[in-house]
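The following note is addressed to a colleague who meets this structure for the first time. Its points are numbered so that each may be checked against the view below.

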Amino acid sequence: QVQLVESGGGLVQAGGSLTLSCAASGRTFSTYTMGWFRQAPGKEREFVAAVSNRGLNTYYSDSVKGRFTISRDNAKNTGYLQMNLLKPDDTAVYYCNAGRSLTGPWLNYWGQGTQVTVSS
């Protein structure tokens, strides 16, 4: 089973940008759809974006569409989430996961995530 480690979070002002990375272990990463999720304090984890196993198809939540871009580099076993025009509402812990389609199902495994804080 693939394991995933998120990185790249930080503190940024509203309107700024960040790029998150998701490093995968194992040789099966390229067979999985990859997704990003986030969880804000006091809220449930929510879907953010997904990219198909070869990177040809993407899917975004309405709240990030047009601002975030998901991508992957299977040669590096790494996925990315480019986040632009960040808003305070984007503040959350961000997680990546692997699944079988753009809408899941997703692995029952969650890493530690990476904190993104957007100041107003």
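1. Charge distribution. The structure is a predicted model. The protein carries 11 positive and 7 negative charges, and the mean positions of these two groups lie 8 Å apart.

2. Surface and burial. The protein exposes an area of about 6400 Å². Carbon and sulfur atoms account for 47% of that area. Of the 120 residues, 43% count as buried.

3. Overall dimensions. Along the principal axes, the C-alpha atoms occupy a box of roughly 40 × 25 × 25 Å. The radius of gyration is 13 Å, which agrees with the value near 14 Å for a compact globule of 120 residues.

4. Secondary structure. The protein contains ten strands and zero helices. The order of elements from the N terminus is accordingly written β-β-β-β-β-β-β-β-β-β. Contacts that link distant parts of the sequence may be considered here as well: among contacts between residues at least 6 apart in sequence, 56% join residues at least 24 apart.

5. Strand S3 and its neighbours. Strand S3 spans residues 18-25. Its covered face consists of Leu18, Leu20, Cys22 and Ala24, while Thr19, Ser21, Ala23 and Ser25 form the uncovered face. Strand S1 (residues 3-7) pairs with S3 in the antiparallel sense through five bridges. Within this pairing, serine 7 has serine 21 of S3 as its bridge partner. S3 also pairs with strand S8 (residues 78-83), again in the antiparallel sense, over six bridges. In that case leucine 20 stands opposite leucine 81 in S8. Leucine 20 is thus a residue of the covered face of S3 with a partner in S8, and serine 21 is a residue of the uncovered face with a partner in serine 7.

6. Strand S10 and its neighbours. Strand S10 covers residues 114-119. Thr114, Val116 and Val118 make up its covered face, and Gln115, Thr117 and Ser119 its uncovered face. In which sense do strand S2 and S10 run? Strand S2 (residues 10-13) and S10 run parallel, joined by four bridges. Valine 12 has valine 118 in S10 as its bridge partner. Strand S9 (residues 92-99), by contrast, pairs with S10 in the antiparallel sense over three bridges. Here tyrosine 94 stands opposite threonine 114 in S10. Both threonine 114 and valine 118 belong to the covered face of S10.

7. A cis peptide bond. The loop between S9 and S10 holds proline 105. The peptide bond from glycine 104 to proline 105 is cis, its omega being near 0°.

8. Positive phi angles. Two residues that are not glycine deserve attention in the backbone. Asparagine 77 has a positive phi of about 55°, and it is found in the loop between strand S7 (68-73) and S8. Leucine 85 has a positive phi of about 50° and is located in the loop between S8 and S9.

9. Exposure of leucine 85. Is the side of the boundary on which leucine 85 falls buried or exposed? Leucine 85 counts as exposed because its relative accessibility is 53%, and exposed means over 50%. Leucine 85 therefore combines this exposure with a positive phi.

Methods
Residues numbered from 1 in each chain as written. Predicted model: local features only at pLDDT ≥ 70, side-chain atom pairs only at ≥ 80, totals over all residues. Heavy atoms only, no water. Helix = DSSP H or I, 4+ residues; strand = E, 2+ residues; numbered from the N terminus. Rg over C-alpha atoms; globule rule 2.2 N^0.38 Å. Buried < 20%, exposed > 50% of the residue type's maximum accessible area, 1.4 Å probe, protein only. Contact = heavy atoms within 4.5 Å. Areas by Shrake-Rupley, 256 points an atom, 1.4 Å probe, with all protein chains shown as cover. Lys, Arg positive; Asp, Glu negative; His and termini not counted. Charge placed at Lys NZ, Arg CZ, Asp CG, Glu CD. Pairing = 2+ DSSP bridges.
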